[in-house]
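Biologist: Please take a close look at one part of this model for me: its nonpolar core. Then show me what lies outside that core.

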Amino acid sequence: MGSKTSLLLQEEEIIQISRETGFTPNQISRLYSRFISLDKSDTGRLSPSDLMRIPELAINPLGSRIVEAFFVNCGDDSETINFRQFVKTLAVFRPQRRKEEPKEINSRDAKLRFAFTIYDLEKTGTVSSDEVLVILRMMVGSNITEDQLQAIAKRTMNEADQNGTGRITFDDFSKALERVDAEKIMSIRFLD
């Protein structure tokens, strides 16, 4: 028998993952099926190339950065992620069900931290103007000139860099996005 049969989730695991992530047991089962379909190596772990087979990521100009942020979000230096790590990262994008939910895995702060990770190419905890330029190039491709890109990056740095260090901190990033509805923009509706 293949190793996929040994990867079946137990009811206790589903309940625990539900508590950790806020996903319903049915959602967890659906995510598990998706995980298994992406796991072409039958190891119970996904690599960045496995995640890039998700059509929405493959066509997204920031797809590779989103995938890399998946691995940073997992908190270890592994080159693969297991199902629990996969679901915990996806849970960042789960809409909050109730306003009274405590600061959780899917809070505004968690969503913004994930987004910040996409910009923090060097993993320094800050974003430089060069990093902003790289991300802008990824997003717009050749649709605008280099001079226009430079101007946008400079304006972004001037507006976001609150303390004039030439680098954007997470606090700067959060303040710059105060008026943005991150809860709505960075939420995905997961069907039951």
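Modeller: First, a term. Helices here are DSSP runs of H or I with at least four residues, strands are runs of E with at least two, and both are numbered from the N terminus. Keep in mind that this is a predicted model.

Now the core. The largest nonpolar core holds 48 residues. Phe23, Leu51, Phe70, Ile81, Phe83, Phe86 and Phe114 touch the most other members. Many helices feed this core. Those that give two or more residues include helix 1, helix 2 (25-38), helix 5 (63-73) and helix 6 (83-91). Helix 7 (108-119), helix 8 (129-140), helix 9 (146-160) and helix 10 (170-176) do so too. Helix 2 supplies the largest share, six residues. There is a general pattern behind this: in soluble globular proteins, nonpolar side chains tend to be buried together.

Zoom in on phenylalanine 70. Leave aside its neighbours within four places in sequence. Phenylalanine 70 is then in contact with Leu51, Ile81, Phe86 and Phe114. Its other partners are Thr89 and Leu90.

Next, a polar residue. Threonine 21 sits in helix 1, which spans residues 11-21. Threonine 21 counts as buried because its relative accessible area is 1%, and the cut-off is under 20%. One polar atom of the threonine 21 side chain lies 2.7 Å from the backbone oxygen of isoleucine 17. Beyond four places in sequence, threonine 21 contacts Val87, Lys88, Ala91, Arg94 and Ile105.

Now look at two loops. Aspartate 42 is in the loop between helix 2 and strand 1 (45-46). Lysine 123 is in the loop between helix 7 and strand 3 (126-128). The phi angle of aspartate 42 is near 55 degrees, a positive value in a residue other than glycine. Lysine 123 also has a phi near 55 degrees, and it too is not glycine. How accessible are they? Aspartate 42 is partly exposed, at 33% relative accessible area. Lysine 123 counts as exposed, because its relative accessibility is 52% and the cut-off is over 50%.

Last, the record. UniProt, in an unreviewed entry, places "domain: EF-hand" at residues 107-142 and 148-183. Residues 107-142 are 67% helix and 8% strand, with end C-alpha atoms 35 Å apart. Residues 148-183 are 61% helix and 8% strand, and their end C-alpha atoms lie 30 Å apart.

Notes
Residues are numbered from 1 along each chain as its sequence is written. This is a predicted model: local features need pLDDT of at least 70, side-chain atom pairs count only at pLDDT 80 or more; totals for chains, interfaces and linings use all residues. Side-chain values use heavy atoms; hydrogens and water are left out. UniProt positions are given in the numbering used here, feature names are shortened, and annotations may be inferred rather than shown by experiment. Buried means under 20% relative accessible area, exposed over 50%, partly exposed in between (1.4 Å probe, protein chains only). A polar contact is a pair of N or O atoms within 3.5 Å; within protein, one must be able to donate a hydrogen and the other to accept it, and residues adjacent in sequence count only if both atoms are side-chain atoms. Contact means heavy atoms within 4.5 Å. A nonpolar core is a set of buried Ala, Val, Leu, Ile, Met, Phe, Trp, Tyr and Cys residues joined through side-chain atoms within 4.5 Å.
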